[in-house]
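Student: I'm new to this one and would like a close look at a single part of it. Could you pick a spot on the chain, walk me through it, and give me the wider setting as well?

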Amino acid sequence: MEERWSTEHVLSLSPDAASSKAAGKLSGPGPWSGVGCNGTALWGACKGSGSTPYRTVVELATPAYQCSCPSRKFPCKHALGLLLLWSVGAQAVPNGGEPPEWAGAWLADRQDRAEQKRAPRAEADPAAARRRAERRSARVAAGAQELRLRLADRVRHGLADQSTAASPWEEVAARMVDAQAPGLASRVRELEDLDEESLLSRYALLHLLAAAYERVGELPEPLAATVRSRIGFSTDSAELLAGPTVRDRWLVLGRQDVADERLTTRRLWLRGAKTGHPALLLAFGRPGQAPELAIPTGQLLEAELAFQPNARPLRAVLGTRHGGPEAPPEAEAVPPGVSTVRALAGYGEAVADDPWLDSWPTVLTGVVPVPGPGGWQLTDGQGALPVHGTPQSALWRLAAISAGRPVTVFGECGHRGFAPVTVWGENGRATGVSG
């Protein structure tokens, strides 16, 4: 029997709170006509302010959406409303039947494009690819050497000397972009916002990274892969998925969306139920559009992941899915965690493999959020971790779910403390607390 999504699952796709609220008004059968679903897609026509109803179709596997409304939000309120209506059950959106012509054409077009993507690509010219790689390597090496000299100059002049230029690091970042080292460029830009206490340690890490690239050929391969990824080299997703993948039942530990004027970046943290392997998926959406990748926190997804090469593999791309997201068995709803002491030790082990690692995904068990004069902490009676990077409203939400009792918290543990993302309360329900 087809499993319909929960309300929480549907609303996790929403680009913003206003869309969720508007979708709620369209979640009843009143404005809809011609609704149906066939197990892989659902469709319907929604009466709007004009004479012609809006035609809405949702492909469930990705998911993907198409609507004739003029909204620039994605998915629009009609797609969300149709999903909410479908989630009620077969009495609201009946199973079976064929999609109308307008929905069938869009679904067939998507299927064609997916098959074209799966088709083997023409072999690239290996000699030309090697020449391009050599040219880039030389440019990055030159950029790394220049960065080391710039850092040495800054230290020689003293951290308080601001006389070199009005915005010297932006200029250096531009040079790193020209050198095809985007990882170095983004780290250089971060220097502009640091206080002097933090500046010297960041200088040191940048210098270490630039120096490491100049000798990358002499490093052990896992560390060399880490250096390349920090510099900004990346492996194409298709190439990654063609190599070894890890199939597991992945529990979604948390989700966090960060938006600016150009992009919405979604981070999804997973952990393999069988392998225990952590994973981080990234998805991107344009302003006003939720990233396509949406798996509700607390759900299990059986799928294959391919990891970017690294001494501490974490970032991954999603490959073949073996079914849709589903609720875990009750016994697995709350993930096992570690103590605060063990969390710090785990972060230390991760930094030993990757010196440029700011934090590591961690599940804490049996911790209580406690406010104090120096800020909030998560304590388990044996140790405590300062909480950082969390808005005050989210901290109070965390405290309310805890109500003074120990809870399980997922987040990122690093040198600045612990950044909570998800909390599991007494009822075993996962709640986001990152913003």
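Tutor: Sure, and let's start from the outside. This is a predicted model, and its protein chain exposes about 22,300 Å², with carbon and sulfur atoms supplying 52% of that area. Of the 435 residues in the chain, 41% count as buried. The C-alpha atoms fill a box of roughly 75 × 60 × 45 Å along the principal axes. A compact globule with 435 residues would have a radius of gyration near 22 Å, and the 25 Å of this chain agrees with that. Inside that outline you'll find 12 helices and 15 strands.

Now for the close look: let's zoom in on F410. This residue sits in strand β13, which covers residues 407–414. Is F410 buried or exposed? Its relative accessibility is 0%, so F410 counts as buried. What does F410 touch, if we skip residues up to four places away in sequence? Quite a list comes up: L253, G254 and W269, then P361, T362 and V363, and finally F418, P420, V421, T422 and W424. For the chain in general, take the contacts between residues at least 6 apart in sequence: 61% of them join residues at least 24 apart. As for distance, R110 is 300 residues from F410 in sequence, and their C-alpha atoms are 36 Å apart in space.

Strand β13 begins at residue 407, and that gives us a link to S402, because V407 is one of the residues S402 touches. The other two are V368 and P369, again leaving out residues up to four places away in sequence. S402 lies in helix α12, residues 392–402. With a relative accessible area of 1%, S402 is buried.

For another buried spot, try H78 in helix α3, which spans residues 77–88. H78 has 6% relative accessibility, under the 20% cut-off, so it counts as buried. Beyond residues up to four places away in sequence, H78 touches L26, W32, C46, Y54, T56, C67 and C69.

Last, have a look at the second largest pocket, which has a volume of about 2,000 Å³. It is lined by 50 residues, and R187, R230, R267, L282 and R315 lie nearest its centre. The lining divides into 21 nonpolar, 15 polar and 14 charged residues.

Note on methods:
Residues numbered from 1 in each chain as written. Predicted model: local features only at pLDDT ≥ 70, side-chain atom pairs only at ≥ 80, totals over all residues. Heavy atoms only, no water. 1 Å grid on protein atoms, 1.4 Å probe; cavity = no way out; pocket = protein on both sides within 12 Å on 5 of 7 lines; lining within 4 Å. Points joined across faces, edges and corners; volume = space filled by probe spheres on them. Nonpolar A, V, L, I, M, F, W, Y, C, P; charged D, E, K, R; others polar. Helix = DSSP H or I, 4+ residues; strand = E, 2+ residues; numbered from the N terminus. Rg over C-alpha atoms; globule rule 2.2 N^0.38 Å. Buried < 20%, exposed > 50% of the residue type's maximum accessible area, 1.4 Å probe, protein only. Contact = heavy atoms within 4.5 Å. Areas by Shrake-Rupley, 256 points an atom, 1.4 Å probe, with all protein chains shown as cover.
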